[in-house]
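This report looks at how the interior of the chain shown here is packed and where its surface opens into a pocket. It begins with one residue and its surroundings, then turns to the cores and the pocket.

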Amino acid sequence: MPSNYSDLIFKNPIIYFNLVMRNSFKFKLLLSKVTSSCFKWQTFFNMGTIRFFLLIGLFCISTLTFAQIKRSSVLAPPLYIPDTNKKMTVGAKDTNINHTNQFFTLRQCIDYALLHQPSLNRSLINVNITKETNAVNLAAWLPQVNATGSLIHYIQVPNSNAAAASSSTGTTTGRSSVANTFVPQLAVSQAIFSPNLLYTHRTAPLLVQSSEQVTDSTKIFLVSSITKSFYNVLLTLEQINVLKEDTTRLGKNVRDTYHQYIGGIVDETDYEEATITLNNSKAQLKQANENVTPQFASLKQLMGYPADQPQFNVSFDTTQMMQGIHIDTAQQLRYENRIEFKQLNTQKILQNELIHYYNFQWVPTVSAFFNYDLSFQNNNLGSLLGTSYPTSLIGVSFSIPIFTGFARLHNVQKAKLQAKLLDWDQIDLKSQIYTEYTTALANYKSNYYNLQLLQKNVALAQRTYFVVDLQYKQGIVAYLNVITAESNLITSEINYLNSLFQVLSNKIDLQKAMGSITY
């Protein structure tokens, strides 16, 4: 048997197993030697493992230190650490973009426009002009009183005997024997019947109604335009609030990533990606801040707010606004509620009155008149007004158009053709109104459904970002997942705001299409 049993048993264990079976004492001795040898090998193996891992740890530390020194030389961290501790988070109602204490609600904006908007004031003035024009045209029904007079001085006075002789022979010279004559006259006329005055009387209230309908149309346009402009400003302000919160959140991420980068915990790409995301958010915030200025200018223009007056801010109630997005979509479309349809009906009535006027234009014009004269005659100019010779008369006059070259018939035919044009305009207007109604209704329904989905997306995106950010801080996921979750959160919030204000605008379009806008 070899002297080194431990070496032999590892080389050929079967031979020595048979040998041990034949000699139990030797087996016990051999077993003790093998156990001692295995213990030595195990001890050596454990010590070697410990030595191995210690060497690996020292190597990694030296490698990281070298890499950190090399990385610092290649991409040195910025000396300026972004200031992410600023109070940038704002509330949902923080709309004080113009830094003033004057706030206008939507109702106040509309009320201000109804008093100060130039287009609306011009329409109101046009209504008064129409009323005054009708009063001028209808004034012919009242008595017309005119006073005239003539003062005559004869340079050559005819001989009274010659004048008498001429009178006895039946001839007159047409000349007075008095050198000075003054004849004042008072003329009064009263229209009894006139086709022109009758047409003016019948169309006067229709013209006023037409002018008032133009004013109503202007008011409806202002209400819808101001409401949309108001919501557009609110949308931009809410986007600014979201981007401010996002910039604050990203700034904190940049600061944390920067310190992790300095400590060698994360790679330089994490810090760079965080900085890129923050810069993109800052760019969007800057763009939104710049866009809100012309939007305020557009709102002020629609309101008629003077440019030199102090700025104002907008104010809104979130709860009331959310309740105001609902509208009964089961209402039936009624064309007669549209202001355009009312205006067209007024034009058709006016056109029918014009046809009636041309049909009865042959009716005579009748009027009464009264004249009163005072004739003053005297050779002495100073005593001219001493003696008067009054005369007066009364009468009736009439005028009948007998033949006008068929002008009246052609006017009747022309007016009827114009009435047919209005009929076709009414058919076309109904088609336009129906198209506007169906389009507005479809947009409202689709965007309202989209709003409900996006509201759920916001909640899911907020929860996802919270979980991913927590996983990143625990070292489970990469920073790319945080960027993706952050981008989804911003997109969800902005899309939700866009959808919310789009639904409000669609509601205004639907109310306008149905003719149910109030002011």
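Setting aside residues up to four places away in sequence, Gln-351 touches Ala-415, Gln-418, Ala-419 and Leu-422. In this predicted model, Gln-351 is found in helix α10, and it counts as buried because its relative accessible area is 12%, which is under the 20% limit.

Helix α10 (339–359) is also among the elements that give two or more residues to the largest nonpolar core, along with α4 (106–116), α7 (195–262), α8 (268–303), α11 (407–473) and α12 (479–514). That core has 61 residues, and those with the most contacts inside it include Ile-226, Phe-230, Leu-299 and Phe-312; α7 gives the most to it, with 13 residues. Leu-299, leaving aside its neighbours within four places in sequence, is in contact with Ile-226, Ser-229, Phe-230, Val-233, Phe-312 and Val-314. A second, separate core includes Leu-250, Val-266, Leu-278 and Ala-485 among its 18 residues.

The largest pocket has a volume of about 590 Å³, and of the 22 residues that line it, Leu-106, Arg-107, Thr-227, Tyr-231 and Gln-320 are the closest to its centre. At least two lining residues are supplied by each of α4, α7, α9 (318–323) and α12, with the largest share, five residues, coming from α7. The lining is divided by class below.

| Class in the lining of the largest pocket | Number |
|---|---|
| Nonpolar | 11 residues |
| Polar | eight residues |
| Charged | three residues |

Key
Residues numbered from 1 in each chain as written. Predicted model: local features only at pLDDT ≥ 70, side-chain atom pairs only at ≥ 80, totals over all residues. Heavy atoms only, no water. Core = buried A, V, L, I, M, F, W, Y, C linked by side-chain atoms within 4.5 Å. Buried < 20%, exposed > 50% of the residue type's maximum accessible area, 1.4 Å probe, protein only. Helix = DSSP H or I, 4+ residues; strand = E, 2+ residues; numbered from the N terminus. Contact = heavy atoms within 4.5 Å. 1 Å grid on protein atoms, 1.4 Å probe; cavity = no way out; pocket = protein on both sides within 12 Å on 5 of 7 lines; lining within 4 Å. Points joined across faces, edges and corners; volume = space filled by probe spheres on them. Nonpolar A, V, L, I, M, F, W, Y, C, P; charged D, E, K, R; others polar.
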